[in-house]
Amino acid sequence: MRCTKCGAENPAGKRFCGDCGAALVNRCARCSAENPPEKRFCGDCGSALGTDVVAEGGKQSAAGADGGVRIASESQTPETIDGERKTVTALFADIKGSTELMEDIDPEEARAIVDPALKLMMDAAHRYDGYVVQSTGDGIFALFGAPMAHEDHPQRALYAALRMQEDLKRYSARVVADGSSPIQGRVGINTGEVVVRSIETGAGQVEYTPIGHTTNLASRMQTAAPVGSIAVSEATRRLCEGYFVLKPLGATKVKGVSEPVNVYEVTGLGPLRTRLQRAAARGLTKFVGRQREMEALKHAAEQAKSGHGQIVAAMAEPGVGKSRLFFEFKATSQSGWMVLEAFSVSHGKASAYLPVIDLLHDYFEITSEDDERKRREKAGGKVLMLDRTLEDALPHLFSLLGIAETPDPLTQVDGQVKKRRTLEGIKRILLRESLNQPLMVIFEDLHWIDGETQELLNLLADSIANARVLMMVNYRPEYHHEWNNRTYCTQLRLDPLGKENAGEMLSELLGDAVELNALKRMMTERTQGNPFFIEEIVQALVDEGVLVRNGTVKVTRPLSQVHLPATVQGMLASRIDRLAAEQKELLQALAVIGREFPLGLIRRVVQRADAELDRMLAELQLAEFIYEQPAFPEVEYTFKHALTQEVAYNSILSERRKALHERAGQAIERLYADHLDDHLDGLAHHYSRSPNAGKAVHYLHLAAEQSAMLTADLQALTYLDRGLELLQGLPEGRERDRQELALQIARGQSLPATQGFAAPETMRAFGRARELCLLFGEKAQLFSVLYGLRLFHRWRLELQTARQLEEQLVSIAEELNNPAKLAQAHGSLGAELLWMGELLAAREHLEWAKAAIDSAESVPHQTAASLSLLAWDLAILGFFDQSMKVSQQTLVWVQGVSRPFAQAITLQFTSEFDQLRRDEQAAWEHSGSALALGAEYGFPGPTSSAAGHGRTHSNLVARAFTRDLHEN
Ligand SMILES: Nc1ncnc2c1ncn2[C@@H]1O[C@H](COP(=O)(O)OP(=O)(O)OP(=O)(O)O)[C@@H](O)[C@H]1O
Ligand SMILES: [Mg+2]
């Protein structure tokens, strides 16, 4: 940090110059705001701050003010956290034919021609907050969207490019006039993801540079650009279409890319200015909700119309619908009013009066085609027609609109006086106009407003109390104004859409097909009712082919594969980047921990002193990134927006992300050591994203077993598949095989619920498990495998194969000397024999189940099935009394074991037994109870369908009986 008073170097973060004692102030080169010395970015405009610090009262140090080329402001490297992933727009610009240009001239002469061109390129980039990474000698490489993210980084890059070309043309004309060859530039632009990081290049030099295909393609675009033009890629076009005029140059083969890529030339500004206009060009979604706000606006308009001027200030987070609300209100209420509109733009803070000029253009109906004379005529004519006494304001208006007469009559007037008279003049015109008809003045996006426009607004706000003026302004929460205490100011705070309105919007976008309900639920939750997020994500799903519109909307791919649209990503990233580096680092760590996070967990993952961490969390809370929610025994936090968490998470480099996940896993293990069962999902989640694959497999298996116990087989399979995937990364050998065996058995057991007993996938899982078992010879596991396999064959009616497997099961159980397994094996073999018609042999084996009734190790639903089948077998053999007794005993027993699945199976088998006995009433009741249990506990497939079938059957039989009775 250099003191500009005495020139001494001071360590970063110092408040006073160590040599001369002058207070050090970190003044922003862009907006002149003063910042504490230790800050890296301007708290007002977000621009990167230079290292040259101004001593209070001193002059701002002007990097490059001598007209020479220095990438001075970039030499202070932005603070990044070990590198980050970012979505940026990269721009390459160079001077065409510089080699030929320099061929015949002295290097110093060449420098004199090239350096000013480079300087104006850099100035153009800086103007739109671009970061110049490098000067390439005869060109520059700049980034937009890094180090500070900006939601409109692609537009900024294109604005800068247009300005570069314009300035270069002017410069070239001058050079040519001096007798040199013309200077022409080419610009190439591309948007996409990069990793940005700081690299030490020696001798204390640090370079902040991006890496990734995005920058390569931008450089290729530059080579593809016709001389004197700007070429952009498809990715940039998609984000800028409408804001700029783009001419397709066709698919072009570029070096290093296998497929030809589409290239577009930027020829000028397009017809669209705001995001809402762009949305309108795409087709606006039906307007939903907002009745209260519309009423408030209507009420204010009535007041204003009757001469009680009003201000309505709408505040909401980005994308919630401020502009749309004004748009809808204007559409329904503008008849009889004069409406004037002005917009602030995100790069406009540094450009004085931009929205005011906009508003005046609108008022005077000046278009971009009008030349200076025409503009003067339009403005002068309108003012004089309105009221001749306003004539004295004209020179000020002309000056503001850049159409002052020559010589300018105001050159001698003091700047402050000129400003006051300009603002006064505009105010008088507007108030005078409101005498002719009521006036609606709309100012959008005050959070980006420049100082001068703000002064006009303050002046207007002070003067409209008794005028027929309705001032409508909107802004995001970070903006503050001083009109709150005015009696004629209404503050509207817009919340995101509620569930019902969000649902209405989604129905409008997606239709009402029942299959889309899950998607709609997911969308409402993910976007939390932010209509901009809803629209953009639906659009991204369509663009990526996940949703296909063909009359109706259909989902074609799993939703997990969808990327967050660049528009939404940019909006959220720009908020995150406004945080100080340490805050951002914390937010990223929180994003890894999860959507919700108890304080204890944060403390273990984020290694900071308690007091410091508390302060930082409070700051993040204040900035509304996270909320605190009451919880017992300790405080819990949650991300306010799920999508902010996603963006923060995605910005972390995978190495750091993995390390944080491992820390989170370890923290959970320590924090909840005595009840890990309640945290298996979290442990599986974190470890499977960490470098510790061994632990990941361990917890994925446990979480799968837990899910399977709760009959959440689909979830269990997700864990198991991920476990098998991670297993591939572990060293080969006995231990890995042992783990795979456990996972394959669990898969085989869960697959029937989702794909069916006879599904080839089930066979594959058990087949692989059998292979592994044969390698180890672990009998107990082989038993589980064969037990699963025999069901596969039974359901394919390969009864002989099933029977052979069951005979093997019996002998394994005997070898193991395990009564529970013996009962299982015999029960299964008995069932097979029953299906094969060997009724006497079947009885012998099914009887084994009786022994299992009291065994704690037996599996109740298997015992229930065997006993039920024994009742069938006995009935078919003609032993009705015995059969009835077994059936009754089974029902009584199963009611006592409090295992709903065993109960459902027994009831289903019993209902079929009832049918055998022709007791339709009992069959109806038992199948009904089985179905009710199935519905309550969500038992899938076979149980419910068998019970449903039983019920239909008994219903049909009952009806047939009744009909028979009537007919006889
Ligand atoms: N009530 C609504 N019904 C339907 N669509 C809406 C509604 N509100 C907003 N939208 C849509 O959501 C998108 C974002 O809305 P809008 O541009 O008004 O947000 P904003 O609050 O002005 O955001 P920003 O702060 O970025 O300017 C627009 O495409 C708009 O049409
Ligand atoms: Mg808006």
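Visitor: Is glycine 934 buried or exposed?
Guide: Quick heads-up: this is a predicted model, so local features need pLDDT of at least 70, side-chain atom pairs count only at pLDDT 80 or more, and totals for chains, interfaces and linings use all residues. Residues are numbered from 1 along each chain as its sequence is written, chains are lettered from A and ligands numbered from 1 in the order written, and side-chain values use heavy atoms, leaving out hydrogens and water. Glycine 934 sits in helix 37 (residues 920–937); helices (H or I, at least four residues) and strands (E, at least two) are DSSP runs numbered from the N terminus. The cut-offs are under 20% relative accessible area for buried, over 50% for exposed and partly exposed in between (1.4 Å probe, protein chains only), so at 6% glycine 934 is buried.

Visitor: How far is the C-alpha atom of glycine 934 from that of isoleucine 905?
Guide: Along the chain, the two residues are 29 apart. In space, their C-alpha atoms are separated by 9.6 Å.

Visitor: Which residues is alanine 708 in contact with, neighbours within four places in sequence aside?
Guide: Alanine 708 lies in helix 25 (residues 693–709), and its relative accessible area of 30% makes it partly exposed. Contact means heavy atoms within 4.5 Å. With those neighbours set aside, the partners of alanine 708 are Asp713, Ala716 and Ser750.

Visitor: Which residues around ligand 1 come nearest?
Guide: The shell has 23 residues, each with a heavy atom within 4 Å of the ligand. By class, 11 are nonpolar, 3 polar and 9 charged. The nearest are Gly319, Lys322, Arg324, Arg476 and Glu535.

Visitor: What share of the accessible area of ligand 1 does the protein cover?
Guide: Start with the backbone: a nitrogen atom of ligand 1 is 2.8 Å from a polar backbone atom of valine 288, and oxygen atoms of the ligand are 2.9 Å from one of glycine 321 and 2.7 Å from one of arginine 324. On its own, ligand 1 has 620 Å² of accessible area (Shrake-Rupley, 1.4 Å probe). The share covered by the protein is 98%.

Visitor: Which residues have the most contacts inside the largest nonpolar core?
Guide: A nonpolar core joins buried Ala, Val, Leu, Ile, Met, Phe, Trp, Tyr and Cys residues through side-chain atoms within 4.5 Å. The largest has 81 residues. Its most-contacted members are Leu510, Leu590, Ile602, Leu617 and Ile626.

Visitor: How many residues does the other core have?
Guide: This core lies apart from the largest one. Met338, Leu359, Leu423 and Ile426 are among its members. Its residue count is 47.

Visitor: What is phi of asparagine 817 near?
Guide: Asparagine 817 is in the loop between helix 30 (799–816) and helix 31 (819–835), and at 63% relative accessibility this residue counts as exposed. Phi is positive here in a residue other than glycine. The value for asparagine 817 is near 55°.

Visitor: And what is phi of glutamate 624 near?
Guide: Glutamate 624 is in the loop between helix 21 (610–622) and strand 21 (626–629). At 28% relative accessibility, glutamate 624 is partly exposed. Phi is again positive in a non-glycine residue, near 60°.

Visitor: Is the peptide bond from alanine 146 to proline 147 cis or trans?
Guide: Proline 147 lies in the loop between strand 7 (139–144) and helix 4 (153–177). Omega of the bond from alanine 146 is near 0°, and the bond is cis.

How values were computed: A polar contact is a pair of N or O atoms within 3.5 Å; within protein, one must be able to donate a hydrogen and the other to accept it, and residues adjacent in sequence count only if both atoms are side-chain atoms. Ala, Val, Leu, Ile, Met, Phe, Trp, Tyr, Cys and Pro count as nonpolar, Asp, Glu, Lys and Arg as charged, and the others, Gly among them, as polar.
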